[in-house]
Amino acid sequence: MAGIYIHIPFCKQACHYCNFYFSTSLRNKDKFVEALLKEIELTKDYLAGEQLDTIYFGGGTPSLLEKEEIIKIVDKIAVYHNLNQLQEFTLEANPDDLSPDKIKAFAELKKWGFNRFSIGVQSFFDEDLQYMNRVHKAQEALDSIKRVQDAGFENITIDLIYGTPTMNNERWQKNLDTVFQLNIPHISSYALTVEPKTFLERKIKRGESKPVDEEQAAQQFKILMDQMRKHGYRQYEISNFAKPGKYAVHNTNYWRGKKYLGLGPSAHSFNQTARRWNIANNISYIESINKAQLPFEEEILTEAQKVNEKIMTSLRTMWGLNISECGINNAALIKNKLITINPTHYSLINDVLILTDEGRMFADGIAASLFIE
Ligand SMILES: C[S@@+](CC[C@H](N)C(=O)[O-])C[C@H]1O[C@@H](n2cnc3c(N)ncnc32)[C@H](O)[C@@H]1O
Ligand code: SF4
């Protein structure tokens, strides 16, 4: 079991909160696609012996690619990897790219196994979208979802952001109601995070935007958890909710520590021994690949790092952390450390540690307090 992630490092416009790697100049798009094809060749042995079960085009904005470019990329992957068992092929798309013609073109990719759209909606209200500096309008988001559904895609996920200063609880509730009305089987929802070196950070520092109200964000997270549960979704990971059977296979494999290969600038790869990450710069990436050199840095993981990653990722999921799988000494250590944690924040049954709704509010802190050295 393994996955391939392809990072498409281009966006039409920079959202003010975003610190993912992308360029707003599409000048090098053709050269990038050529380099990507070469990178697929150069990394052909990374997942040797593994069955490929997911392909994920993320970004940046993969929906800026043409159908033909995606076909070229997937055909190249198929030269070196066995796609017979491919379960899930996701493409992240921004609503403004999903014109009727583009959806028709993307629908042709079903023959290549494409079966899942991830649409970056963020909010169904223009005030929030404007605050975030999104390119699209609320109406475009609604229209794009309906069009994608009409084109026969029922495996859809959308991204929503809460905790923006423009968002009150009532509006947040309305956003969720829209999800339920549209019968969207999966959502990923994140609290607005002020990332370093973003326009949002500068805006807040200059006093041009209110800072994020942590209390309000916590209330909206609570509303999110309650509402999703009430409507039959499982919170299978802190920020991910799905109807039964609609879990994202690709992301779930990340959290379960499966191997994955990341292609494109800034993409990360993991082979259960080491992590590596590509250079986050389109020009340097293209130049290096053209010289047949893979532009990555790598970190070999120590045993403690492997256990700590398992603690961090498992605790975020509904399956929890099986502490007996952390090694006998480590399991004892984790049990000792649990004494420092509020007992209303977790349950421990048959050695499986699972966070409660309350605990999920502090997941990262709880995980960090259980880390071993
Ligand atoms: C990096 S984008 C890539 C997909 C696509 N370009 C889009 O904008 O939807 C993936 C998702 O990360 C989330 N995201 C990125 N930066 C964030 C931030 N600072 N705070 C909260 N969510 C963020 C957004 O919900 C976004 O949809
Ligand atoms: S959120 Fe998506 S569209 Fe906006 S800048 Fe980031 S990657 Fe690009």
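**Figure 1. Polar contacts of ligand 1 with Gly 60, Arg 134 and Asp 159 in the predicted model.** A nitrogen atom of ligand 1 lies 2.6 Å from a backbone N or O atom of Gly 60. Side-chain N or O atoms approach oxygen atoms of ligand 1 at 2.8 Å in the case of Arg 134 and at 2.5 Å in the case of Asp 159. A polar contact is a pair of N or O atoms within 3.5 Å; within protein, one must be able to donate a hydrogen and the other to accept it, and residues adjacent in sequence count only if both atoms are side-chain atoms. On its own, ligand 1 has 540 Å² of accessible area, of which the protein covers 92%. Accessible areas come from the Shrake-Rupley method with a 1.4 Å probe, and for residues only the protein chains shown count as cover. Two or more residues of the shell are given by each of the elements β4 (116–122), β5 (156–162) and β6 (186–191). Helices (H or I, at least four residues) and strands (E, at least two) are DSSP runs numbered from the N terminus.

As to conventions, residues are numbered from 1 along each chain as its sequence is written, and chains are lettered from A and ligands numbered from 1 in the order in which they are written. The model is predicted, local features need pLDDT of at least 70, side-chain atom pairs count only at pLDDT 80 or more, totals for chains, interfaces and linings use all residues, and side-chain values use heavy atoms, with hydrogens and water left out.

**Figure 2. Composition of the shells around ligand 1 and ligand 2.** Around ligand 1 there are 17 residues, of which Gly 60, Gln 122, Arg 134, Asp 159 and Thr 193 come nearest. A residue is near a molecule if one of its heavy atoms lies within 4 Å of it. This shell has six nonpolar, seven polar and four charged residues. Ligand 2 is surrounded by Cys 11, Gln 13, Cys 15, Tyr 17, Cys 18, Phe 22, Gly 59, Gly 60, Thr 61, Asn 94 and Arg 134. The shell of ligand 2 comprises five nonpolar, five polar and one charged residue. In these classes, Ala, Val, Leu, Ile, Met, Phe, Trp, Tyr, Cys and Pro are nonpolar, Asp, Glu, Lys and Arg are charged, and the others, Gly among them, are polar.

**Figure 3. Backbone geometry at Gly 60, Gln 122 and Asn 183.** Most residues other than glycine have a negative phi, and most peptide bonds are trans. The peptide bond from Gly 59 to Gly 60 is cis, with omega near 20 degrees; Gly 60 belongs to the loop between β2 (52–59) and α2 (67–80). Gln 122, in strand β4, is not a glycine and has a positive phi of about 70 degrees. Its relative accessible area is 6%, so Gln 122 is buried. Here buried means under 20% relative accessible area, exposed over 50%, and partly exposed in between (1.4 Å probe, protein chains only). Asn 183, in the loop between α6 (169–181) and β6, likewise has a positive phi, near 60 degrees. Asn 183 is exposed because its relative accessible area is 52%.

**Figure 4. Packing of helix α14 (residues 363–370).** Ala 363, Ile 366, Ala 367 and Leu 370 are the buried residues of this helix. They lie on the same side of α14 because they cover an arc of only 100 degrees around the axis; the arc is that of the directions from the helix axis to the C-beta atoms. These buried residues pack against α11 (303–315), α12 (328–337), β15 (352–355) and α13 (357–360). Gly 365 also lies in α14 and, at 46% relative accessibility, is partly exposed.

**Figure 5. Surroundings of Lys 259, Thr 43 and Ala 151.** The side chain of Lys 259, a residue of strand β9 (residues 259–263), makes a polar contact of 3.4 Å with the side chain of Glu 50. Beyond its neighbours within four places in sequence, Lys 259 is in contact (heavy atoms within 4.5 Å) with residues including Met 1, Leu 47 and Phe 270. Thr 43 occupies the loop between α1 (29–42) and β2 and is buried, with a relative accessible area of 3%. With neighbours within four places in sequence left aside, Thr 43 is in contact with Leu 261, Leu 263, Arg 276 and Leu 294. Ala 151, in the loop between α5 (138–150) and β5, is partly exposed at 26% relative accessible area. With the same exclusion of neighbours within four places, Ala 151 is in contact with Ile 103 and Lys 110.
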